[in-house]
Amino acid sequence: MAYYHDLGGTRHSFADLRGVMAAASPHRSGDVLAGVAAASAEQRVAARLVLADLPLASFLADLVIPYEADEVTRLIIDSHDENAFAAIAHLTVGGLRDWLLSNAADGGVISALAPGLTPEMVAAVTKIMRNQDLIAVARKIRVITRFRGTIGLPGRLSVRLQPNHPTDDPAGIAAAILDGLLLGSGDAVIGINPAGDSVAAAHTLLRLLDDLRQAYAIPTQSCVLTHVTNTLKLIEAGAPVDLCFQSIGGTEGTNSGFGIDLALLTEAQAATLALGRGTIGHDVMYFETGQGSALSAGAHHGVDQQTLEARAYGVARAFRPLLVNSVVGFIGPEYLYDGKQILRAALEDHCCGKLLGLPMGLDICYTNHAEADQNDMDGILTLAGVAGVNFIMGVPGADDIMLGYQSTSFHDALYLRDVLGLRPAPEFEAWLLASGITDMAGRLTTSPTSLALPALLDG
Amino acid sequence: MAELPARLAALTQARIGLPRAGHALNTAATLAFDLAHARARDAVHAVFDTAPLHAEFDVIDVHSAAPDRATYLQRPDLGRTLPEAQAARLTPTGAGTAIIVGDGLSATAVALHAVPLIQALLSRLGGTLAPVVAAHQARVALGDAIGAALGVDIVVMLIGERPGLSAPDSLGAYITWQPRPGRRDSERNCVSNIRPPHGLDHETAATRIAWLVHQARARRLTGVALKDESSVTIRLR
């Protein structure tokens with residue numbers, strides 16, 4: 001179905017809904033590279049005017065990727081909750097934006113709506129939202145998940161401790177973990193990206209993580225971020241697997257490029273749940289996403305990268321994740337060129353994920369060939385904190401020496417908690433206090449802690 | 001233990017045990033990070049100076065379809081495209097192998113390593129060599145079009161790698177059998193991290209590259225099929 005909008009004698013026409021969606025997105029290099037971006041600034045606004053007047057029900061009839069062609073579309077349509085949708089079925093996209101910003105829409109009401117929203121609906125409404133709208137709406141919504149700790153409570157900010165090492169050296173990784181713990185990080189997860197693809201090496205790292213966690217009695221969870229098929233092998237081998245990690249995308253083809261499909265994720269979730277390692281909850285999946293992955297995999301179907309990212313959240317929400325992390329600046333400047341584009345994508349991703357009921361975190365990051373620096377990260381970090389992000393990354397000195405990019409540091413997390421009055425997950429906060437790492441006010445202490453060096457480092 | 005024991009910092013290159021001012025990094029640690037990032041940024045934006053290559057070798061300059069750095073960074077497809085007028089500068093000479101030097105993401109790496117690496121290669125490659133091609137605003141796959149225009153069997157593309165925070169000057173070498181537009185990355189072999197004294201030195205890198213070139217010629221292929229039987233570090237991108 002074609003769409004158009006007349007502006008002062010010029011008719012702006014769009015061949016189909018995905019064309020409207022793509023043209024309505026704020027400018028970003030990945031959509032230009034894909035050849036789907038608006039041809040002019042005016043056409044971009046014309047597309048937003050089309051979207052604003054579009055009934056939400058349109059997204060259930062005019063699919064951006066055909067039902068027959070893509071299992072992610074089938075998941076989105078087949079799992080759509082018409083009862084939840086009934087409350088907003090009469091609204092247009094513009095009407096939904098206005099309602100979300102209204103006092104009537106508090107966090108509980110919006111959360112109840114989530115099963116009635118599709119990824120395309122939330123992508124559309126965020127395209128006509130300013131950055132402050134993305135913050136204000138996301139801030140209303142709390143998504144709380146549990147394993148050994150409680151993540152996402154109001155007034156809390158958790159951190160994934162990311163102690164990567166270029167050769168997966170256990171002592172080097174343990175030293176980085178200790179550094180992070182002493183700086184108050186690690187309540188979202190202690191998660192290692194392994195340098196290699198070896199199952200045996202991942203097994204060694206999982207044992208290291210579990211030994212450290214048990215030795216210090218830390219109320220947190222650990223993860224080696226390896227392919228889901230490796231995690232299945234690790235579970236079979238009896239490795240201490242807390243969480244099952246996987247990168248996911250918003251189309252069947254993207255996921256195929258990642259070597260997964262929905263059936264495999266279902267199998268992996270069941271196998272991880274069967275281990276029963278969670279103490280206060282059983283949210284066991286950890287997903288990472290990022291705008292641009294579908295184009296990178298040659299599986300974007302002419303759909304813009306923000307809409308496809310929202311569809312990846314449509315995949316994530318089928319699996320009750322503990323953590324969903326948009327790795328927002330990792331992919332490079334051909335998808336998000338500069339600090340402005342990375343900021344916009346971060347706020348979009350966080351808001352879309354929260355609207356769909358996901359426990360959103362952000363890897364606020366950049367590569368050295370992007371037009372960005374730590375000042376840009378400071379801005380994104382602060383705004384993400386205001387928006388109520390569930391967790392961020394804690395990388396030693398913000399410099400990931402294995403993945404070769406810059407993210408946020410343990411110190412950045414301390415800054416954010418400090419300026420916004422945010423605290424760690426309650427179980428982890430109690431542990432930090434009991435260990436003498438922080439004081440009652442959440443500040444780092446200068447007194448000795450009760451932590452002894454692990455044997456691995458006590459040379 | 002309230003502060004990380006200082007000796008643990010020796011266990012990893014990661015930035016651990018950093019000195020603080022309140023919850024922030026202290027001035028020295030902040031500026032040390034800024035310096036590392038500044039060097040990486042300068043490497044990305046450094047201009048490819050081909051004069052040192054011209055001084056040593058017979059060199060032909062070509063430019064990809066990316067007119068400037070900003071376009072190059074946003075349009076990798078243009079960095080892989082050789083405009084017709086540029087291809088016209090290249091003609092088959094009957095040589096079997098071509099060495100191409102591309103700026104890639106670090107002209108700093110090229111400035112430091114290209115000349116000595118090519119000198120080390122010349123004594124090891126054997127056979128006939130086409131003139132060295134200096135490729136501006138180049139991605140790895142630009143070498144396919146250049147190799148096709150030169151009519152060679154093998155191209156060795158020496159190209160600046162994406163700068164890391166502590167490695168702004170790393171050069172990569174990509175070896176491709178029967179280069180032509182459309183070759184996939186899985187059809188190449190790579191020797192990466194050429195960056196003495198921290199990474200591979202020029203002599204070792206040249207030995208590995210020459211081994212791959214000889215194997216490619218003998219087995220008439222490059223890529224994953226060759227990877228399994230070589231001892232070199234392979235990293236495709």
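In chain B of this predicted model, strands β6(B) and β7, the latter covering residues 171-177, pair in the antiparallel sense, and seven bridges join them. One of those contacts can be named directly, since L171(B) in β7(B) is the bridge partner of G160(B). Strand β6(B) also has a neighbour in β4, residues 97-102 of chain B, and here the pairing is parallel, over six bridges; within β6(B), the residue that stands opposite I99(B) is V156(B).

How many residues of strand β6 in chain B are buried? The strand runs over residues 154-160, and seven of its seven residues are buried, which leaves it mostly covered. In a regular strand the side chains alternate between the two faces of the sheet. If we go through β6(B) with that in mind, I154(B), V156(B), L158(B) and G160(B) point one way, while V155(B), M157(B) and I159(B) point the other way, and the residues of both sets are buried.

Let me turn now to the aromatic rings. A pair of such rings is described by the distance of the centres and the angle of the planes. Over all chains the structure holds four aromatic pairs, and I will discuss two of them, beginning with F287(A) and F319(A), whose ring centres are 6.1 Å apart and whose planes meet at 70°, so that the pair counts as edge-to-face, the cut-off being over 60 degrees. F287(A) belongs to strand β9 (residues 285-289) of chain A, whereas F319(A) sits in the loop between α17 (305-316) and β10 (321-327), and the pair therefore ties together parts that are 32 residues apart in sequence. Both partners are covered: F287(A) counts as buried at 0% relative accessibility, and F319(A) is buried with a relative accessible area of 4%.

The next pair is F330(A) with Y405(A), where the centres lie 4.9 Å apart and the planes stand at 85°, so this pair is edge-to-face as well. F330(A) lies in the loop between β10 and α18 (339-355) of chain A, and Y405(A) in strand β14 (residues 405-406), so the parts tied together here are 75 residues apart in sequence. Is each of these two residues buried or partly exposed? F330(A) is partly exposed, with a relative accessible area of 31%, whereas Y405(A), with 1%, is buried.

Finally, a word on arginines over aromatic faces. In chain A, R11(A) lies over the face of Y4(A), 3.7 Å from the ring centre, and in chain B, R139(B) lies over the face of Y72(B), at 4.4 Å from the ring centre.

Technical notes
Residues are numbered from 1 along each chain as its sequence is written. Chains are lettered from A and ligands numbered from 1 in the order in which they are written. This is a predicted model: local features need pLDDT of at least 70, side-chain atom pairs count only at pLDDT 80 or more; totals for chains, interfaces and linings use all residues. Side-chain values use heavy atoms; hydrogens and water are left out. Rings of Phe, Tyr and Trp (its six-membered ring) pair if their centres lie within 6.5 Å; planes under 30 degrees apart count as stacked, over 60 as edge-to-face and the rest as tilted. Helices (H or I, at least four residues) and strands (E, at least two) are DSSP runs, numbered from the N terminus. Buried means under 20% relative accessible area, exposed over 50%, partly exposed in between (1.4 Å probe, protein chains only). A charge sits over a ring if NZ of Lys or CZ of Arg is within 6 Å of the ring centre and within 35 degrees of the ring normal. Two strands pair if DSSP finds at least two bridges between them.
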